[in-house]
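User: I would like to understand how certain descriptions of helices in this model are justified. Could you set each value against its definition?

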Amino acid sequence: MFESLSDRLGKIFDGITGRGALSEADVDAALREVRRALLEADVSLEVVKAFVEQVRERAVGAEVTRSVKPGQQVVKIVHDELVKVLGETAVPIDFTTTPPMTMLMVGLQGAGKTTHAGKIAKRMKEKQGKKVLLASLDDRRPAAKEQLRVLGEQIGVDTLPIQLNEKPVDIARRAQREGKLGGYDVVILDTAGRTHIDEELMEETAAVKAATEPHEILLVADALTGQDAVNLARSFDQRVDITGIVLTRVDGDGRGGAALSMRAATGKPIKLIGTGEKMDALDDFHPSRIADRILGMGDIVSLVEKAAETIKAEDAAKMAKKIKKGSFDLEDLRGQLEQMKKMGGMGALMNMMPGMGQMKKAMAGSSAMDDKVFDRQIAVINSMTKAERANPDLLNAKRRIRIANGSGTKVEDVNKLMKQHRQMADMMKKVSKGGLGSLAGMFGGKLGGMMPGLGSMPDPSTMDPKELERMAREMGIDPASLPQSPAAPKDISQKLPSDVGQLLKSGSGMPGLGGTNRFPGLPGLGGGFVPKKK
């Protein structure tokens, strides 16, 4: 979702990070471009003004630390302020109340309330061991209750039995009674929506809130909402006092403005983000990680977490043993390809890897970014006999023709796969001899062999241009499309200085630290989120 904003900011910062010194005019010019980039990303105008004002105040007035160039310092300040706008810390769903905890889902029609009620219920059941009851209060949209019932069956979560001609408030009260009698931990109430905000919708939502006194009130908002995101968030917050926001369709091509605007306008945290159509495509919202992605710094923490979720401990242990022996057969390669598919494919992985944004853009048109390639490669391996998978040296020309015919591919595809396997097998031998020992140690044996073709990829900024060109041709990329940006700092401490005493001086009001709120219309920039008293 943040790709267009990330690209714009990346170009702006490329122009200033290589300079030895920055004047006030340089900072002003860069911030003009930042302002334009944020506005084009559909960020609310008042949020943009406050954001740029705070960045400028810190960038012009801060002392320059010795280990950091002024341009890099501006990037650090923008990163810090982005985190502040997005919420500073992740705020999970709050269960600290007497069961059953009542959760109210509110929002406009089509934002994804019903689907995300199911996603949240599935997540609570599988990851937190909660017993959940789903109830639809939508008596207007045809088959809305039936949709939730079917979703409940799919994910193995109970739904409130449907009764005809029952008002939303009565359904909500019945759901709470059923929740108490049935020993449920959580009752999720899915309210009706409208195509736009109107008084009837607000009155109905306020009546349900008054009758049930929910512990959590989550506003479900479409990430593609654009400039109207602020009005939407403020309207619901003023009438029902929301406790958090769920952003849907974050995997779409929206420009990210809703995420930056809604939290700043309400002061309420974004708690969850929907990242796809599947029922398990729901993630916690981590402001610092999102800021890292926006500025092209990657998201290694999320990458490792995703790996931990998809890779079984036994499989990791087996792979660690094989790495020690230096063996890597085609069964192992198939396992790695399947794991990459589970983690979202090559594009999703490159989004989370630092410095890979420009590489991903250059590879956009190549077959390397097509996730169907994984399916074809797995089909090729499945068309081999067990003996051939265990011993690739058996694959002569006749066998390769048979495998290509059996998998519906060409002999060239089989040959490419064998070349890829040989490269990975060679890498494993080096690891076993200690040549790349840090690779296995750094990720506990999990990530080292996880990404075919990327596991041993060096930092492009430190490579010889001829070597980089050769690698690009091998991957089907036009070398001319590769970015010619200045070399990135080798040490992460150069990007994120340890001496942050001056960098943390901010002009924003922080009541908790004795400051004043300089932006009264933007609670999210006036001292952070304060949990609502129950």
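The exchange below takes up some helices and the terms used for them.

Analyst: This is a predicted model, in which local features need pLDDT of at least 70 and side-chain atom pairs count only at pLDDT 80 or more, while totals for chains, interfaces and linings use all residues. Residues are numbered from 1 along each chain as its sequence is written, and side-chain values use heavy atoms, with hydrogens and water left out.

User: How do you know that the span of helix α9 agrees with its twelve residues?

Analyst: The expected span is 1.5 Å times one less than the number of residues, which gives 16 Å for residues 229-240, and the end C-alpha atoms of α9 are 17 Å apart, which agrees.

User: What makes the buried residues of α9 line one face?

Analyst: A229, V230, L232, A233, F236, D237 and V240 are buried, that is, under 20% relative accessible area with a 1.4 Å probe, whereas exposed means over 50%. Seen down the axis of α9, these buried residues fall within an arc of 165 degrees, so they line one face of the helix.

User: Why are α8 and α9 called oblique to each other?

Analyst: The axes of α8 (residues 199-212) and α9 come within 9 Å and cross at roughly 40 degrees. Angles under 35 degrees count as roughly parallel, over 145 as roughly antiparallel, and 65 to 115 as roughly perpendicular, with the rest oblique; α8 and α9 are therefore oblique.

User: Which residues of α9 make the contact with α8?

Analyst: With contact meaning heavy atoms within 4.5 Å, S235, F236, R239 and V240 of α9 take part.

Technical notes. Helix = DSSP H or I, 4+ residues; strand = E, 2+ residues; numbered from the N terminus. Arc of directions from axis to C-beta. Axes fitted to C-alpha atoms, helices over the stretch in contact; angles between N-to-C directions.
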